Each structure stands twice: as C-alpha cells, then as structure tokens.
Amino acid sequence: MPEVILLKDVENVGERGAVVDVSKGYMRNYLAPRKLAQPATKGALEAVRRSQEAAEKAQEQTVADARDAAEQLDRTVLTIEQQAGDDGRLFGSVTNQDIADAIQEARGIAVDKRKVHLPDPIKSVGTYQVVVEVADGVTATVKTMVVERK
C-alpha cells in the first residue's frame, strides 16, 4: 500500500497534512483526481514537516501576542459616556459593540464584538467588570465605567 500526504481533510481517512496508507486504486481513482492527496516522497514529506513547523511557530506567536494584549487590557479602565436620567438609568444601553469600539479607541487592540462577554447590555451608570476573549483560551477582564454625559 502506498503512503500519501493528504492535502485536504478526507472523511474516514485523515486530516490535512497526515501521512496515511491507502490502496493504489483509491489513490489513483479518487484522491489524486480530486487533488485530495499526493504521493509521499522524501521532498514532499520534508515540505509538509516545514510547513507544520511554520504553522506551530505562527500559532505560538499569536498566543504570545494575545497574552500581551490581555495583560494590557487587564490594566485598562474604559470610561464610556452615555446620556442618563436623574435616577442613573441610561437612555439606551452600552452593548458589546460599544465596548469593542472603546477598546479599539483606547488601546488600538481590535476585538470582535462577539468576543466581549456581556450577559446583558449595560443599562445604568456604574462600574462593571467585562470579560473579553482576546484569543482562544486567552481572556482579559476590563474595568468599564459608565458615566453620565454632561
């Protein structure tokens, strides 16, 4: 059975980049015509190994950058001004998008609004602890002060 390197995920065979044994006919008639796999030559194996190492380094760099951003956000205090009534209730609310925009403006860190974990929109003046997911598994807590606009 020849060894092949999968170029894409193939159901019931393996994931992209995996080296697997398949029958000659399966390789010749299914995988090769659909560009799902290539023969596992020494050069191809070396290229796959290099690309996996590069991907791991890039992932490590991304996580390191995310940790630095999280440390910076942990020290950040956001102040968001909104119109409010005499009782401290806001006219409107402070949403995930407002907090993401405030982080972008204050620290220059782009955060997706879906990564701002706010159970309900903020509807009154006060100080809140908002959890922000900077990357997968890396979170920061941002102190957010909602004040009345004068």
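User: How much space lies in the largest pocket?

Analyst: In this predicted model, about 160 Å³ of space lies in the largest pocket.

User: What makes a residue part of the lining of this pocket, and which residues line the largest pocket?

Analyst: A lining residue has an atom within 4 Å of a point of the pocket, and Ile5, Leu6, Leu7, Arg16, Gly17, Gln38, Val48, Ser51 and Gln52 therefore count as its lining. Two or more of these residues come from each of strand 1 (3-6) and helix 2 (42-74), and helix 2 gives the largest share, three residues.

User: What makes the lining mixed by class, in terms of nonpolar, polar and charged residues?

Analyst: The lining has four nonpolar, four polar and one charged residues; Gly counts as polar in this scheme, so Gly17 is placed in the polar class.

User: Why are strand 1 and strand 2 called paired?

Analyst: Pairing needs at least two bridges between two strands, and three bridges join strand 1 to strand 2, so the two strands, which run antiparallel, count as paired. Within strand 2, Val19 is the residue that stands opposite Ile5.

User: Why are strand 2 and strand 3 called edge strands?

Analyst: The three strands form an open antiparallel sheet in the order 2-1-3, and strand 2 (19-21) and strand 3 (37-39) each pair on one side only, so they are its edge strands.

User: How do you know that helix 1 packs on the sheet, and where does helix 2 lie?

Analyst: Contact means heavy atoms within 4.5 Å, and helix 1 (residues 24-31) touches strand 1 and strand 3, its direction making about 130° with that of strand 3. Helix 2 lies across strand 1, strand 2 and strand 3, and runs at about 35° to strand 1.

Key
Residues are numbered from 1 along each chain as its sequence is written. This is a predicted model: local features need pLDDT of at least 70, side-chain atom pairs count only at pLDDT 80 or more; totals for chains, interfaces and linings use all residues. Side-chain values use heavy atoms; hydrogens and water are left out. On a 1 Å grid over the protein atoms alone, a cavity is a set of points where a 1.4 Å probe fits but cannot get out, and a pocket is an open set with protein on both sides within 12 Å along at least five of seven lines; lining residues have an atom within 4 Å of a point. Grid points are joined across faces, edges and corners, and a volume is the space filled by probe spheres set on the points. Helices (H or I, at least four residues) and strands (E, at least two) are DSSP runs, numbered from the N terminus. Axes are lines fitted to C-alpha atoms, for helices over the stretch in contact, and angles run from 0 to 180 degrees between N-to-C directions.
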